[in-house]
Amino acid sequence: MTASILRSCVRARAAGGVCSRSLAIQRAAVARSVAAVVNSSRSYQTTGGLSPITEKETIIKLLYNIGSRKEVEQYLRHFSSVESHQFAVIKVGGAVLTDDLETLASSLTFLNRVGLYPIVVHGAGPQLNRLLEAAGVEPDYIEGIRITDAKTLEVARKVFQEENLKLVEALEKLGTRARPINGGVFTADYLDKDKYQFVGKITGVNKDLVESSIRAGALPILTSLADTPDGQILNVNADVAAGELARVLQPLKIVYLNEKGGLMHGVTGKKIDVINLDEEYEGLLKEPWVRYGTKLKIREIHDLLMHLPRSSSVSIISAEHLHKELFTHSGAGTLIRRGHRVTRYSDHNELDVARLSNLLMDNDLDIGQDCSSGEQYLKSLKGRDVQIYSDAAFDIFAVVSKPRNEGDLPLLEKFVATKTAVLNNVTDNVWHMIKKDFDKLAWVAPKDDHNKTWYFERADGSFTLGDRTLFWYGINDLDHVQRYLKQFAQTRAGSTTPTDSTTSPFATVVGSTRNFCTSLSRRQPRRQYSTSSSRPARIGLIGARGYTGRELIKLIDNHPAAELAYVSSRELAGKECEHYTRANVTYTSLSPADVKKASDVDCWVMALPNGVCAPFVDAVLSQGSKHPLVLDLSADYRFTDTWQYGLPELYGNRSKIEGANKISNPGCYATGSQLGLAPLRKYMAGAPTIFGVSGYSGAGTKPSPKNDINNLRDNLIPYALTDHIHEHEISRHLDNPVYFTPHVGQFFQGISLTISIPLSSMLTANDVSDIYKETYQNERLVKVVDDIPEVRYIAGRHGVEIGGFKVSKDGKRVVLVATIDNLLKGAATQAVQNINLALRLGEFSGIPDS
């Protein structure tokens, strides 16, 4: 029987496409197919060939052959979620232009055919050296920098123009519009005129030329020549130029194309797959083989990524495999990223059970489908010999159970990741750590698991029996393989009970639904938490004079598990707090020093104008790592990664808020807009527009034309027509640009948002309504309605209403309306919701039914 199983295993491996040779053949075929589609069509031709839509669909389908459909679609949505100029900056080495021009042009055209606009910066070092040699000029370098005299600069300018035009013409030949940009983007001063002569140090980047090219539908093709303010051309290293451009544009990807297809390890000679700078940078620089140009490149990439969002990354890859690097989790070249610091645990008591429990409940189908608690699973790890992996953001969780008996295999029994972890390759980071810790490993997954491609690429072997597949790596002994397969078959046949792990090492995981899960299709209603003590949570309020402070005090007054400890207002100091009736509380005027001394507060709420609360926040944080919860109602920390953004209904925030000790409360417009936009994120074809009208309470209590009822009578006042702070807030957290224009109306309380969304695929009004109803079906504070919500019906209520879904006749645009009370769910109610989650008081405690 064992021999039969082994033969089946070999056949399954061949059929599964995990043999490296078959994978290489398959991917080469895909590359040829993509090139064939690209070369046989023109996006602007009127007869013959493929239409642009059909061509795009064809290329996307071909992509499914190099990675799973889920992978490809995830990355397409991810890359399309930012403005066109923020997709990728691609630096092309001169050797690539000489040796792989056709492949490069096909790869760039392929990206453009799926709606992406890579920005290319190219060098021309080898070409320049050949021409200089022919002219009798010997290239000279100091510290790796080419000395550029007048003759060299003259030749360089000519070479750059020729190579730039060569690439542009190759793209145009394939029907891809491209614009040559030989100057005007980079401004520079002399790096050291006496030492290097006409070599520049970039001091400024003019992105207007780049954005203009993209708006015109053309790929920008840049040389790395720069200009001084007085017009002198200077030579700049192309790597440096690409890096400086990336600092300004902040793209998701920075790609360095070279002929090697990656960064090679100086000892093994093998390509390095991933470098996680947070984990590996310091150690990598100490490696004896990391020196000269390699060390310089790694340092430059490190410094670049430290100035970019954590979601940005650098890839070093060949032109041929560019599409695989961009659209699959496994990639093809060397991926360099900041990474997310992952910690190993062996002691159950070191885990943050509450936050990990919520990660499992939101993302593990075993936990959700079995209606079992994440806490119960985590408690089951106590006393077991396991290795646990988790990141600081609680986006990933993995458990490897170590073998109990000699000769058994370590088993990966849990591997749960959020979409954020997948897109930021934290999954690969954890996998590399697991491989370092365990030279052999086995795991079991459903046969039809949508992550099977990921599993196959990481396994040395696999065997499918019934509806389960066993994967393994690191087993080189054929007898051992046969023994493990026999044990697996016995377990599948039911001859081993789930608790009899001494008989079969696979019994603990073989019955599970899924090991690697990135999303749960339907979030289950979440149980509420209560504090372990009967003492109410004590809340201190700084800045209580405004409308939001007043509403917050009213909510605390009726909260069953919280009480008002301090209420601070300079203007009201000494007066009784009339809106708090449970006890006699008097307004005081607290200083940051007073806040620092207070030891009887569980949560400080900052209800101050933008830019004012920092001294009070610093006073709280100075109390050390166990400082009280601090929740800020201003915009000061909404763009800070170290603070948790407090919008519980979206982005998996609910589990992150639980246990957080620094929370930035979202803005009122931003809350309503994001709840109105989020369900259609994957269908967006561009930037939505938001027309917002708020009652004049949103202008605060300080007298101004925007809260002057006489000025507002029979009037509507637009303001901050561009770059309103909520426009930036919505775009950042939605991960999609938006255009937002606010207005003040003559009513006191409430917001109406009319939202227009361009669609990437055809939807009907019923489709849209169903999407929203499914998204928010378990959200108590979000109500989806069929009619157009009106602001008069939301004032004084604690939730959000979304409805009035209409789709344009061409099916390319949907318009909807969202309403929200700016003082409640837009501020005070949401603050209480966040406090409840963070202090585990029950998410909706003290919040009346809407």
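In this predicted model, helix α6, spanning residues 101–113, approaches helix α8, spanning residues 150–173, with the two axes coming within 9 Å. The axes cross at roughly 55°. Angles from 65 to 115 degrees would count as roughly perpendicular and those under 35 degrees as roughly parallel; α6 and α8 are therefore oblique to each other. The handedness of the arrangement is also defined, since α6 passes α8 in a right-handed crossing.

The residues that form this helix contact can be listed from either side. From α6, the participants are Leu101, Leu104, Ala105, Leu108 and Thr109. They meet Lys166, Leu167, Ala170 and Leu171 of α8. Sorted by class, the contact between α6 and α8 comprises seven nonpolar residues, together with one polar and one charged residue.

A second region to consider is built from strands, with β32 as the point of reference. Strand β32 covers residues 751–758 and is mostly covered, six of its eight residues being buried. This strand pairs with β29 and also with β35.

On one pairing, strand β29, residues 689–694, is joined to β32 by six bridges, and the two strands run antiparallel. The register of this pairing can be located through Phe691, whose bridge partner in β32 is Thr754.

On the other pairing, eight bridges connect β32 to strand β35, residues 813–820, again in an antiparallel arrangement. Here Ser756 serves as a marker: its bridge partner in β35 is Val815. Tracing from Phe691 to Thr754, and then from Ser756 to Val815, leads the reader from β29 through β32 to β35.

Notes
Residues numbered from 1 in each chain as written. Predicted model: local features only at pLDDT ≥ 70, side-chain atom pairs only at ≥ 80, totals over all residues. Heavy atoms only, no water. Axes fitted to C-alpha atoms, helices over the stretch in contact; angles between N-to-C directions. Helix = DSSP H or I, 4+ residues; strand = E, 2+ residues; numbered from the N terminus. Parallel < 35°, antiparallel > 145°, perpendicular 65-115°, else oblique. Left-handed = near helix turned anticlockwise from the far one by under 90°. Contact = heavy atoms within 4.5 Å. Nonpolar A, V, L, I, M, F, W, Y, C, P; charged D, E, K, R; others polar. Buried < 20%, exposed > 50% of the residue type's maximum accessible area, 1.4 Å probe, protein only. Pairing = 2+ DSSP bridges.
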